[in-house]
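Visitor: I would like a close look at one part of this model. Please take a single strand, its surroundings, and the salt bridges around it and elsewhere.

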Amino acid sequence: MGTDTTARTHTDPTATDPAATDPAAERLRRWRLVLGADPAERAGGGLAALSGADSAMDRALEALYGGQGDPAAQGSGPREAGLGGSAPRVARWLGDIRTYFPASVVQVMQRDAIDRLGLSALLLEPEMLEAVEADVHLVGTLLSLHKAMPETTKETARAVVRKVVEDLEKRLAARTRATLTGALDRSARISRPRHRDIDWDRTIRANLKNYLPEYRTVVPERLVGYGRAARSVKKDVILCIDQSGSMAASVVYASVFGAVLASMRTLDTRLVVFDTSVVDLTDQLSDPVDVLFGTRLGGGTDINRALAYCQSRITRPAETVVVLISDLYEGGIRDGMLKRVAAMKAAGVQFVTLLALSDEGAPAYDREHAAALAALGAPAFACTPDLFPEVMAAALEKRPLPVPDTAAGIPAAHAP
């Protein structure tokens with residue numbers, strides 16, 4: 001099943017008539033909702049006609065996914081919109097799908113309606129924004145339309161974006177702070193550690209000369225321990241975010257994480273977005289909504305130029321983590337981009353490349369550039385929002401990154 005049947009396969013089995021008590025009738029009902037009406041049913045003679053809530057669900061699905069003319073053409077050519085151009089009619093349809101489908105399915109159907117039926121222009125109307133189910137993808141669409149929005153719609157759009165951002169912060173902020181705030185600063189070694197802070201591997205290596213063969217043990221004359229992060233700024237973090245249209249979801253998540261990191265006293269966080277130009281949004285990090293509306297989704301990509309700017313802002317290379325979030329489709333100088341990454345790493349910068357920061361699957365990305373970065377010791381991989389705190393903790397502590405086994409389908413040679 002393709003996109004056309006994605007929403008149909010998630011219909012609510014409880015919203016049925018008595019046929020649900022008959023297993024054979026229930027199977028027919030489910031297949032009918034998945035596949036849509038056949039020619040005989042459209043002519044009024046179908047054997048699997050629906051009624052009640054099932055009929056209403058089917059009408060909502062047919063308005064979005066139903067084809068015109070020969071049903072055999074479904075999935076093989078362009079489809080006609082069933083919603084029409086009337087804003088009130090679309091508003092009613094949005095209300096219907098919220099009534100009959102769970103929020104996750106509503107978001108899929110909204111996304112398909114925007115992509116397939118060209119409803120982006122309707123999102124410029126406040127009543128439309130109030131009717132939609134807000135999610136990360138909708139935020140990306142609104143940001144891409146921001147410049148075209150009339151003033152009467154902008155406040156509604158900000159309210160929608162703020163709701164999504166606040167929901168993401170509730171989900172992600174606590175874990176991010178818990179993962180990073182109390183983390184051991186493994187680069188700061190102390191000679192009189194508490195027992196729980198002893199780095200046993202380094203302690204043993206430092207005392208191998210004191211090995212006693214007869215007792216098969218090492219006498220630890222000198223203890224090496226981890227020093228816990230001090231309250232003063234210990235690390236610099238630069239988030240460098242590709243704001244091309246394909247990176248919309250990553251921009252949303254990165255803005256939220258940027259605001260969370262900026263709120264931590266142990267980190268000095270800078271947020272830079274780029275397409276063919278570079279914009280530093282660090283002074284807006286206190287409010288991720290301001291950051292998002294400061295972006296400009298779409299346009300080309302000049303990674304080399306963005307990295308040049310980030311490189312110019314590095315004052316403590318050994319204490320700096322640079323996170324590049326990009327699909328690596330470079331429109332600038334490829335060799336210049338790779339040379340900058342190599343120079344930063346040679347200076348001691350921890351460099352992380354995320355092909356995507358989202359809940360989506362493997363992204364499209366430039367495999368040649370990903371392989372070149374991996375050869376420099378900067379593996380590129382896709383990262384979910386839930387994994388991001390662990391990735392940052394590993395980078396800050398200068399230990400191997402927790403690269404997922406199936407990260408973006410990257411071959412083993414691209415992994416660290």
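Guide: What follows starts with strand 8 and then moves to a helix residue and the salt bridges. This is a predicted model, in which local features need pLDDT of at least 70 and side-chain atom pairs count only at pLDDT 80 or more, while totals for chains, interfaces and linings use all residues. Residues are numbered from 1 along each chain as its sequence is written, and side-chain values use heavy atoms, with hydrogens and water left out.

Strand 8 spans residues 320-325; helices (H or I, at least four residues) and strands (E, at least two) are DSSP runs, numbered from the N terminus. The strand is mostly covered, with six of its six residues buried. Here buried means under 20% relative accessible area, exposed over 50%, and partly exposed in between, with a 1.4 Å probe and protein chains only. The cover extends to both faces: Thr320, Val322 and Leu324 are buried on one side, and Val321, Val323 and Ile325 on the other.

Two strands pair with strand 8 under the rule that DSSP finds at least two bridges between them. Strand 5 (residues 235-242) runs parallel to strand 8 and is joined to it by six bridges. Within this pairing, Ile238 has Val322 as its bridge partner in strand 8. Strand 9 (residues 350-357) is also parallel to strand 8, and five bridges join the two. There, Gln350 of strand 9 stands opposite Val321. From strand 8 the chain passes through helix 13 (residues 334-346) to reach strand 9, a β-α-β crossover that is right-handed. Right-handed means that, with the strands pointing away from the viewer, the path from the first strand over the helix to the second runs clockwise.

Asn304 belongs to helix 12 (residues 303-312). With a relative accessibility of 10%, Asn304 counts as buried. Leaving aside residues up to four places away in sequence, Asn304 touches Glu330, Ile333, Gly336, Met337 and Arg340, where contact means heavy atoms within 4.5 Å.

Next come the salt bridges, each defined as a side-chain nitrogen of Lys or Arg within 4 Å of a carboxyl oxygen of Asp or Glu. The count by this rule is 12. In one of them, Asp290 pairs with Arg158, and their closest N and O atoms are 2.7 Å apart. Asp290 is in helix 11 (residues 288-293) and Arg158 in helix 8 (residues 151-181), so this pair ties together parts 132 residues apart in sequence. Both partners are partly exposed, Asp290 at 30% and Arg158 at 23%.

Helix 8 also holds Asp167 and Lys163, which are four residues apart, about one turn of the helix. Their side chains meet in a salt bridge at 3.4 Å, N to O. Asp167 is partly exposed at 39% relative accessible area, and Lys163 is partly exposed at 47%.

A further salt bridge leads back to the strands: Glu319 and Lys235, with closest N and O atoms 3.0 Å apart. Glu319 lies in the loop between helix 12 and strand 8, and Lys235 in strand 5, so the pair ties together parts that are 84 residues apart in sequence. Glu319 is partly exposed at 24%, whereas Lys235 is buried at 6%. Finally, Arg171, Asp359 and Asp386 are joined into one network by salt bridges that share partners.
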